[in-house]
Each structure stands twice: as structure tokens, then as C-alpha cells.
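Let's take an informal walk through this structure, one region at a time. Have the sequence and the 3D view open as you read.

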Amino acid sequence: MQRHYKKKVSGFKDWDQFNHSEDYLIYPQNIGENLGIDELSLSKGELYTFVTNKNGRGKKKTLVAVIKGTKSQDIIDVLNKIPLEKRKLVKEITLDMANNMQLASRICFPESNLVTDRFHVVKLVMEALQHQRIKLRWEAIEKENQAIKIAKEQGIKYVPIVFENEDTPKQLLARSRYIIAKKTNEWTPNQKVRAELLFKIYPHLHQAYKHTLEFRNIYEQTSKELAKEQFLKLD
């Protein structure tokens with residue numbers, strides 16, 4: 001991630017010096033109407049807050065501020081060093097759903113509207129889907145443990161349930177992690193077979209997967225009207 005961002009934000013060159021000796025860097029001249037604010041893990045796992053001009057598209061004059069840490073007050077203290085007349089120029093800020101980022105943005109950029117980044121919204125939805133898969137996997141593990149215990153008490157050999165693709169229930173759910181994170185047209189032939197089996201056995205997971213796809217498709221609409229229409233159709 002660090003290497004990617006170093007390449008993406010060409011205006012920020014003194015990484016090693018910053019990581020070891022500075023708490024922040026600000027470039028007020030790079031401010032614009034559309035900003036993005038997000039946290040990023042750099043060297044040794046340290047978190048930094050990045051404020052960027054979205055119209056810069058990762059090129060020169062993109063970076064507005066880099067702040068060591070993610071505490072709202074630290075972010076506010078640094079961003080308030082930028083003259084208020086410049087901060088009032090900001091009309092829109094794209095950010096995640098973290099309270100600290102929202103608080104800092106509202107205080108420092110009083111004329112702006114806050115927009116939740118689509119990446120973070122979709123990520124939250126995907127995490128909820130994976131949570132359902134993990135819950136089912138733990139249930140499958142518990143059922144298998146109980147079956148093993150009963151077989152042992154009865155003095156018989158435990159024979160696990162094996163599906164037609166030779167997965168056990170817990171293996172099927174574990175190996176489906178990447179399947180449900182993809183769209184259907186991105187599946188390999190083997191993943192298609194496993195997905196068909198998974199959704200046949202766990203229809204509720206299939207329903208959740210379909211809802212996730214419907215939600216992700218909203219963000220792919222180029223028209224706000226169509227996106228709103230699709231959103232209202234969600235159950």
C-alpha cells in the first residue's frame with residue numbers, strides 16, 4: 001500500500017524524512033473544491049491521515065496534507081493552519097464512515113458536503129456477506145465436532161459428509177471465501193461448480209449474495225435517477 005501511494009501521489013517525495021521527523025506536511029496551494037480524506041498505513045504499520053485534491057488525480061498538486069495519526073483533534077489542528085478562506089473553497093469531501101474523519105471535515109471545511117466513499121460502503125456490505133459465510137462455517141464445524149463426539153461414544157468410526165466435489169461442509173464454506181467476493185462473470189470453471197453447490201445447500205447465503213450484487217450495481221450506474229430507482233427496489 002505504501003509503495004502504491006508513493007507512486008500515486010507524485011507531489012509527496014520525502015517519505016523517509018517525513019516518517020521519522022515530521023508530524024505533518026501541508027500544501028495549502030493544492031486545495032480545491034473536491035477533496036478526499038482517508039487513513040493510510042505506512043512504514044512499520046503507523047497510520048497517517050491523507051487529504052488530497054481529487055481533481056489532481058494523483059499527479060502534481062494532488063496532496064493537500066499528510067498528518068501523523070488519525071485523532072480528530074490532531075487532524076483539526078493541522079488543517080486549521082490552512083487559511084479559512086481557502087478551506088471555505090471546498091465544496092465536497094469524499095471520506096469513509098469513521099467518526100473522526102467526519103468530525104474533522106465538518107469543522108475544518110464548513111462549506112463542504114460530506115460524501116461517503118463508495119469503496120468503504122461496498123466494503124461494509126461485503127464484510128456483512130462474509131460474516132454470514134463465516135457464521136455458517138462455524139455452525140458446520142460445531143456439527144462435525146458433535147458428530148465426531150457421538151461416533152466416539154458409540155465406538156464407531158466417524159465418516160464426514162462429503163459433497164459431490166469432495167468438499168466437506170466446512171471446507172466448502174472456507175473455500176468459497178473468494179467466490180462470494182467476486183461477480184459471477186469473474187468465476188473460474190471450478191469456482192462456478194463450487195458456487196452452484198454452495199448456493200444449493202445454503203439458499204440464504206445465495207439470497208444475501210444476490211442482494212450484495214444488486215447493491216454494488218447501484219454504484220455502477222452513470223445516472224443518479226437510475227441509481228435511486230435501483231436502490232428503492234432493494235428489499
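A residue counts as buried under 20% relative accessible area, as exposed over 50%, and as partly exposed in between. By that yardstick Thr 116, at 33% relative accessibility, is partly exposed. Keep in mind that what you're looking at is a predicted model.

**How sure is the predictor?**

The protein has a mean pLDDT of 87, with 89% of its residues at 70 or more. Where is confidence lowest, and where is it highest? The low point is helix H1 (residues 2-8), with a mean of 42, while the high point is H7, at 96. Residues 1-11 have a pLDDT below 50, and in the model this stretch makes 17 contacts beyond near neighbours in sequence.

**The sheet**

Now for the strands. Six of them form an open sheet with mixed pairing, in the order E1-E4-E3-E2-E5-E6. Strand E1 (24-26) and strand E6 (113-116) sit at the edges with a single partner strand each, so one side of each has no neighbour in the sheet. From one strand to the next, the twist averages 20°.

Follow strand E5 (residues 92-95) for a moment. E5 pairs with E6 in the parallel sense over four bridges, and one residue to look for there is Ile 93, whose bridge partner in E6 is Leu 114. Strand E2 (residues 34-41) also runs parallel to E5, joined to it by three bridges. In that pairing, Asn 34 stands opposite Glu 92 in E5.

Two threonines make handy landmarks here. Thr 94 lies in strand E5 and is buried, because its relative accessible area is 12%. Setting aside neighbours within four places in sequence, Thr 94 is in contact with Leu 35, Gly 36, Ile 37, Lys 54, Val 115 and Asp 117. Thr 116, the partly exposed one, is found in strand E6. With neighbours within four places left out, Thr 116 is in contact with Leu 95, Met 97 and Val 121. Thr 116 and Ile 93 are 23 residues apart in sequence, yet their C-alpha atoms are 8.4 Å apart in space.

**Helices around H9**

Next, the helices. Two packed helices are described by the angle between their axes and the distance between the axes. H9 takes part in both of the pairs below.

| Helix pair | Axes come within | Crossing angle |
|---|---|---|
| H8 and H9 | 5 Å | roughly 115° |
| H6 and H9 | 10 Å | roughly 175° |

Take H8 and H9 to begin with: their axes cross at roughly 115°. That makes H8 roughly perpendicular to H9. The residues that make the contact are Leu 198, Phe 199, Lys 200 and Ile 201 of H8, together with Pro 203, Leu 205, His 206 and Tyr 209 of H9.

Helix H6 (residues 118-153) crosses H9 at roughly 175°. H6 and H9 are therefore roughly antiparallel to each other. On the H6 side, the contact involves Val 121, Val 122, Val 125, Met 126, Leu 129, Gln 132, Arg 133 and Leu 136. On the H9 side, the residues are Leu 205, Ala 208, Tyr 209, Thr 212, Phe 215 and Arg 216.

**Aromatic pairs**

How many aromatic pairs does a search of the whole structure find? There are four. One of them is Trp 187 with Tyr 209, a stacked pair with 5.8 Å centre to centre and 25° between the planes. Trp 187 is in the loop between helix H7 (169-175) and helix H8 (189-201), and Tyr 209 is in helix H9 (residues 203-218), so this pair ties together parts that are 22 residues apart in sequence.

Are these two partners buried or exposed? Trp 187 is buried, at a relative accessible area of 13%, and Tyr 209 is buried too, at 3%.

Phe 215 and Tyr 219 form an edge-to-face pair, because their ring centres are 5.8 Å apart and their planes stand at 65°. Phe 215 is buried, with a relative accessible area of 16%, whereas Tyr 219 is partly exposed at 29%.

Finally, look for a cluster: Trp 187, Phe 199 and Tyr 209 form one aromatic group together. Phe 199 and Tyr 209 also turn up among the residues that make the contact between H8 and H9.

Definitions and conventions
Residues numbered from 1 in each chain as written. Predicted model: local features only at pLDDT ≥ 70, side-chain atom pairs only at ≥ 80, totals over all residues. Heavy atoms only, no water. Pairing = 2+ DSSP bridges. Axes fitted to C-alpha atoms, helices over the stretch in contact; angles between N-to-C directions. Phe/Tyr/Trp six-rings, centres within 6.5 Å; stacked < 30°, edge-to-face > 60°. Buried < 20%, exposed > 50% of the residue type's maximum accessible area, 1.4 Å probe, protein only. pLDDT = per-residue confidence, 0-100. Contact = heavy atoms within 4.5 Å. Parallel < 35°, antiparallel > 145°, perpendicular 65-115°, else oblique.
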